[in-house]
Amino acid sequence: MPRFSIIVPVFKVQGYLHACLDSVLGQSYRDIEVIAVDDRSPDGCGAILDAYAARDERVRVLHLPENVGLGRARNAGMPHATGDYLFFLDSDDTLTPGALRALADRLDETGDPDVLVFDYARTHWWGGTRRNVLAHLLAENTASTFTAAERPEILDLLMVVWNKVYRRDFVEREGFTFPPGYYEDTPWTFPVLLSAEHIATLDRICLYYRQRRQGSILSTTSRGHFDVHEQYARVFRFVDARPALAHWRPFLHAKMGEHCLDILAKPDRLPPSDRGEFFRRTAEMFRAHRPEGARIPAALRVLEGSYSGYLLRRQAGRAGRELGRRARQARTATAARVARGRSALNLHRPLDPDLAVYSAFSHRGVLGDPAAIHRAARELAPHIRGVWVLAGEDEVAGLPPDTEYVLLDSPGYRRVTERATYFVNNVNWPGALVKRPGSVHVHTHQGTPLKYMGADLLNRPGARHGVDVPRMLRRADRWDYSLVANRHSELVWERAFPCHFTSLRTGSPRNDVLVGAGADSGREVRARLGIPDGDTVVLYAPTRRDYRRGGLVERIDPARFAADLGEGHTLVVRLHPSLAGGPARGLGLSELHRRGVLVDATDEPCVQDVLLASDVLVTDYSALMFDYANLDRPIVIHADDWDAYRASRGAYVDITAEAPGHVSRSYRELAWLFDSGTWRDEEAARLRSAFRDRYCEFDDGRAAERVVRTLMLGERTPGPPAGPVRVPSQATSRDLLIPS
């Protein structure tokens, strides 16, 4: 007998069905059966289900002779279930990795309750993801089971069937089934939760609830939404038949009113001609089922009046919100009009062919590829005026002499961005910047991509937390040119940013100083950092983790590593920029620097200087490894959490299989590599050479010159030879951590 019987009703979802079934069958927890119910789907769903059943004995397919609807399709699957628990999964939704294992563990922990309620996240067609706003209810009183009477707030959760699993013998004993209709979940969920003697919760997102752009029944405009009245009538009949549940009538009465008003308020649910009738039927039902002596919440008293009164109240609410909006606008209206007038005037003036605007790392200073291009332009095209955009006065202090700058959103910023011909940046420009015809936008990127970027993040909700991918792509639509250092980057950027730009095989301008650098190239930087002459400099550069809030995961104790390296070695640590102002410094790095245990180079403005000053790079998955390979110096990959990192963020390359040097899977292995001298042996050199050939392909020390001559001076420069390159596609590359 399996632990879970997963019932999947299927109708016109062939575009989503593979993802749904793969999310179930790919779980590491395998004690399941899948009962897929083909509800006479007119597309290719039936054939897809049969193919899965032929490959996996856990899948059984029922082909219904006629279309019966979602609820009755679930009913058709239930008699075939043999598992301890029923799980009703909609065929356009997916399970999260580890969901079934987490559910099984929680059921064991809580002694097989009647119902287990778990969390979910909405995933929108455009890439946005939003967690259930009432998730905190699942985290309360998790030590034991409860009844709805003991924790009535559990009924505030979304009343759907798919965010719960149900003990099968409990369902069979109570005789629960689904009625037909749009809102069939309502007369299932309320009776189930009110009847359950043991309810448990799991504070974990186990399901992605797909918000389809079109095709969802509940987002379809039709009279079908009148079905909600009959479904609540079924709920009231259930309660009326059980005197012990009579005290729930006031609660259910209010829920019914709230639900119906919510449907009425949504502009895409009811045809305009039917809205008045829907209100009147709701009001009739509200009066008919009003418990004697029940206090009516203020928000529901509108149902005691007329439809015209409801409309007046809605209009008054909109008017109040509009007044507030206008008041906020009035506070900035004068400045906005002046700015718009100036912008309109300037946007009609011709572009300045000799004006270039630069920015790097969200306006943090003269850094990275844009800085290298700026230096080359001053030498090769001195007639082109270069202006830097800085975030604020704090960034001004670090500017090189004779550097012209403007502050973001200042009048000077608006003047130069409205007239400039050239825009050079390694981060997208702000959304308000208008790309004028004839302007040339050069995007340099920040390094060779190892982890998923851009549109590839759409299926990585944890990695893109706080990142608006559609907005990112809209800003990338302004790119004219994308600079690449290798064909791997060229293919990745063109897929991750499906926009209309041209890839330029220029190499990375920031790495010009690294190409052909000698052993003494970093002597000046070493002296500035206080590193003793003759020391072997070990640079440790960890990256952030998307699977940990804040991004900080302490994989190595830097004090221990510095001590284990021993005399004659200096450990230099450079944190990822996103960690520079966080707890990593406060957890001891600054103090270790003060005591002379190591050198904290996180605040060094130019990372290439730090690379030049080191003899070996130790990193996990930082893109610095691709830049560092230009130096032809040893690289050690510390990959003790590679599976977790790749599963959470996604990676284009298995860096442990195509490493630029030796790979350590534990701190003990890392220490041994240095103690034994293996970090710089012949195998390390061989791996480094192959890595450099692939990822430093276009870096020849003339990248910045090539950009200036090609894009600013209009000269033709020879390009590197073309050839094939292997880049795994997102659909076929497989995470090392098997989805569980």
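Reader: Which residue's side chain meets D609 in a salt bridge?
Author: Keep in mind that this is a predicted model. The pair links distant parts of the chain, with D609 in helix α19 (residues 607-612) and its partner in helix α16 (residues 523-529), 81 residues apart. The N to O distance is 3.7 Å, and a salt bridge needs the nitrogen within 4 Å of a carboxyl oxygen. The partner of D609 is R528.

Reader: Are D609 and R528 buried, exposed or partly exposed?
Author: Buried would take under 20% relative accessible area and exposed over 50%. D609 has 25%, and R528 has 48%. Because both values fall between those cut-offs, D609 and R528 are each partly exposed.

Reader: Which strands hold D203 and R131, whose side chains meet in a salt bridge?
Author: The closest approach in this pair is 2.8 Å, N to O. The two residues are 72 apart in sequence, so the salt bridge ties together separate parts of the chain. D203 counts as partly exposed at 39% relative accessibility, and R131 does too at 37%. D203 sits in β9 (residues 199-211) and R131 in β7 (residues 129-131).

Reader: What network do D640 and R555 belong to?
Author: Start with the pair itself: D640 and R555 form a salt bridge, with the closest N and O atoms 3.0 Å apart. D640 lies in the loop between β21 (635-638) and α21 (642-649), while R555 is in the loop between β17 (536-541) and α17 (558-565), so the bridge ties together parts 85 residues apart in sequence. Salt bridges that share partners then give one network of R545, R555, D620, D640 and D641.

Reader: How many salt bridges does the structure hold?
Author: Side chains of opposite charge can pair when their charged atoms come close. The D203 and R131 pair is one example, and D640 with R555 is another. The total for the structure is 48.

Reader: Which strands stand at the edges of the open seven-strand sheet?
Author: The order is β12-β11-β10-β13-β14-β15-β16, with parallel pairing. A strand at an edge has a single partner, so one of its sides is left without a neighbour in the sheet. The edge strands are β12 and β16 (502-504).

Reader: What is the bridge partner of H443 in β15?
Author: Strand β14 (residues 440-443) pairs with β15 (residues 481-483) in the parallel sense, over two bridges. H443 takes part in this pairing, and its partner in β15 is S482.

Reader: At what angle does α24 run to β13?
Author: Helix α24 covers residues 703-712. It lies across β10, β13, β14, β15 and β16. Its angle to β13 is about 155°.

Reader: What is the phi of D409?
Author: Most residues other than glycine have a negative phi, and most peptide bonds are trans. D409 has a positive value. This residue is found in the loop between β12 (404-407) and α13 (411-419), and it is exposed, with a relative accessible area of 53%. Its phi is near 70°.

Reader: Which residues touch the most other members of the largest nonpolar core?
Author: In soluble globular proteins, nonpolar side chains tend to be buried together. Here the largest core has 104 residues. Leaving aside neighbours within four places in sequence, F87 has contacts including I6, L103, F118 and W162. The residues with the most are F4, I6, F87, L103 and W188.

Methods. Residues numbered from 1 in each chain as written. Predicted model: local features only at pLDDT ≥ 70, side-chain atom pairs only at ≥ 80, totals over all residues. Heavy atoms only, no water. Core = buried A, V, L, I, M, F, W, Y, C linked by side-chain atoms within 4.5 Å. Buried < 20%, exposed > 50% of the residue type's maximum accessible area, 1.4 Å probe, protein only. Contact = heavy atoms within 4.5 Å. Helix = DSSP H or I, 4+ residues; strand = E, 2+ residues; numbered from the N terminus. Pairing = 2+ DSSP bridges. Axes fitted to C-alpha atoms, helices over the stretch in contact; angles between N-to-C directions.
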